[in-house]
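Please keep the sequence and the model open while you go through this note. Each point can be checked on the screen.

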Amino acid sequence: METKYLYINTIGCQMNVYDSEQIARGLKSLQYEMTPFLEKADLIIVNTCAIREKAEQKVFSFLGRLAGLKKKRPDLIIGVGGCVAQQEGAKILERAPYLDLVFGTNAIDRLPGAIQAILSKKCRIVDIEMSDQIKELDFVTNEVDKGEVSRFVTIMQGCDNYCTYCVVPYVRGRETSRDPKNIINEIHRLVESGVREVTLLGQNVNSYGMKEGLCTFPELLRRINDIDGLLRIRFTTSHPKDLSENLIHAFKDLYKLCHHIHLPIQSGSNRILKRMNRKYTREIYLEKVDKLRNTCPDIAITSDIIVGFPGETKTDFQETLDLIKTVKFDGLFAFKYSDRPNASAARFVGKILKNEKKQRLQQVLDLQDQFTTRKNKTLKDSIQLVLVEGFSKKQNQINKQNISQDVQWTGRTSTNKIVNFYNSDDTDSCTKNVMGRLVNVRILQTFSHSLWGETNGKEPTSFDLRGEKSYVA
Ligand code: 5AD
Ligand code: SF4
């Protein structure tokens, strides 16, 4: 079979990144190779996100660009997958008549079959059938690209929480956890192929296994921590209502578990949290933040905030700003509320004007920026243990600072801060290549969203790995 080219545009969260990886792997069986060039593609897949209105607009503006391409090359196959596909189904074919395929969040394993049918029968296909069963076939990851240090591993899908603003339960279905045995096997295979870090994915990882009576999430983490050759474990996302004492203690007990938690608060007002159906109060949230910091003092805490939720008064918004000042997050993702189909808040009264939402968003971002920059500044001259993920792309930032070095690397600290650095070790070529290794980096400069430093390529000692002794260069 002759090689054909596949272009995937992934819009949205890590779930979609993971799904796109699965799509690419599945289509290899039909001889499709990935290309970064849209014009070269024989098959274009748009993996879509419906979480906010803005993401959905991005999908349709990209699809608009494809109409001209299809006109020039009628053989080109264009497919739309992911959450917008699940939500809109056949309506997308009406809106974009040049599309060949719409496939939902549960149809990834059926994609190669659908493409074959389109090729042979010249038909159009809509496959948005949902299932509450996890299909292990979806997770077969036989291949790791050379040099891949960090990989996502889905441990559960769907969500049962029904936050009133959220579309996820409608487009990703009911919460279902994978069998721990399959997760562990998958990670073993990844590690054998050179992966050193895994990020466990789920909409609410803290409730992993509860419904099915599998092991708990902290227990799963403990088992993954025992996997030889794996250096680091991350996870996302955590719902504050399900953050247990056991999970908090895991940050102290499991030395591979990175010191970072993404814990979306959404609002600092109890009235709004109730309307959002979040099932915790700001007091409970702050108590959990204290416990996390008492147990693991250097833990980085990041969060999500929605501004302009229906009925959010100036007082409610002020409470959100106060909460941000109290917690001093390491990083924050803030969003303007948008109505989502099916989500019940779309029917709530008290919608906030567009301009007001814009102003509130800016206030949150400006406030948080001070904390992010200040936190990063405190790391200047410190030694950070960094897992090296590849070559740095931030060459121009460094050029501006007039630091000229040949090879620049990039990686992250345990607390999830991006570090770009150079390796000053020029004694032998073997230690110069630090890819996939944990190295100690001295932080020379700090920026608002990254750090810059230098390493001598030295492997950290086992004490460093366990965080029991800080390394002095
Ligand atoms: N409007 C704005 N932001 C939203 N999010 C989810 N749904 C909406 C919505 N309708 C945000 C939440 C969530 C993040 C992934 O996206 O903050 O944590
Ligand atoms: Fe959406 Fe709430 Fe589920 Fe998160 S926990 S995916 S915000 S419904």
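The points below go from the whole chain to the ligands, and then to single helices and residues.

1. Start with the status of the model. It is predicted. Every value below was computed from it, so treat the distances as those of a prediction.

2. Next, the overall make-up. The protein chain contains 16 helices and 19 strands. Of its 473 residues, 55% are buried. The accessible surface amounts to about 21,700 Å². Carbon and sulfur atoms account for 51% of that surface.

3. How far apart in sequence are the residues that meet? Take the contacts between residues at least 6 apart in sequence: 73% of them join residues at least 24 apart. Keep this in mind when you read along the sequence.

4. Now ligand 1. Its surroundings are I51, R52, Y165, Q266, D304, I306, F335, K336, Y337, S338 and R340. By type, this shell has five nonpolar, two polar and four charged residues. Two strands each give at least two residues to the shell: β13 (300-307) and β14 (331-336).

5. Which atoms of ligand 1 come within a few ångströms of polar atoms of the protein? One pair joins an oxygen of ligand 1 to an N or O atom in the side chain of Q266, at 2.7 Å. Another joins an oxygen of ligand 1 to an N or O atom in the side chain of D304, at 2.6 Å. A nitrogen of ligand 1 lies 2.8 Å from a polar backbone atom of S338. On its own, ligand 1 has 400 Å² of accessible area, and the protein covers 87% of this.

6. Turn to ligand 2. Around it are C159, N161, Y162, C163, Y165, C166, V168, P169, Q203, H239 and R278. This shell divides into seven nonpolar residues, three polar and one charged. Y165 is listed around ligand 2 and also around ligand 1. Find Y165 on the screen and look at both ligands from there.

7. Helix α8 covers residues 217-225, and its buried residues are F217, P218, L220, L221, I224 and N225. Why do they line one face? Seen down the axis of α8, the buried residues fall within an arc of 155 degrees, so they share one face of the helix. They pack against α7 (180-192), β10 (197-201), β11 (232-236) and α9 (245-253). Look at the start of α8 too. There, a side-chain oxygen of T216 comes within 3.2 Å of the backbone nitrogen of E219.

8. R223 also belongs to α8. Is R223 buried, exposed or partly exposed? Its relative accessibility is 29%, so R223 counts as partly exposed. Beyond its neighbours within four places in sequence, R223 contacts P180, I184 and C215. R223 and I184 are 39 residues apart along the chain, yet their C-alpha atoms are separated by 7.7 Å.

9. Helix α9 can be read in the manner of point 7. Its buried residues are L247, I248, A250 and F251. They fall within an arc of 145 degrees, seen down the helix axis, so they line one face of α9. What sits on the face turned away from the buried side of α9? That face carries the exposed residues N246, K252 and D253. The buried residues of α9 pack against α8, β11, β12 (260-262) and α11 (282-295).

10. Look next at D127, in strand β6 (residues 125-127). Why is D127 called buried? The relative accessible area of D127 is 17%, and buried means under 20%. The D127 side chain makes a polar contact with the side chain of R110, at 2.6 Å. Leaving out residues up to four places away in sequence, D127 touches V102, F103, G104, A107 and R110.

11. Last, S269. It is in the loop between β12 and α10 (270-275). Is S269 buried or exposed? S269 is buried, with a relative accessible area of 0%. Apart from residues up to four places away in sequence, S269 touches D316, E319 and T320.

Terms used
Residues are numbered from 1 along each chain as its sequence is written. Chains are lettered from A and ligands numbered from 1 in the order in which they are written. This is a predicted model: local features need pLDDT of at least 70, side-chain atom pairs count only at pLDDT 80 or more; totals for chains, interfaces and linings use all residues. Side-chain values use heavy atoms; hydrogens and water are left out. Helices (H or I, at least four residues) and strands (E, at least two) are DSSP runs, numbered from the N terminus. Buried means under 20% relative accessible area, exposed over 50%, partly exposed in between (1.4 Å probe, protein chains only). Contact means heavy atoms within 4.5 Å. Accessible areas come from the Shrake-Rupley method with a 1.4 Å probe; for residues, only the protein chains shown count as cover. A residue is near a molecule or strand if one of its heavy atoms lies within 4 Å of it. Ala, Val, Leu, Ile, Met, Phe, Trp, Tyr, Cys and Pro count as nonpolar, Asp, Glu, Lys and Arg as charged, and the others, Gly among them, as polar. A polar contact is a pair of N or O atoms within 3.5 Å; within protein, one must be able to donate a hydrogen and the other to accept it, and residues adjacent in sequence count only if both atoms are side-chain atoms. The arc is that of the directions from the helix axis to the C-beta atoms.
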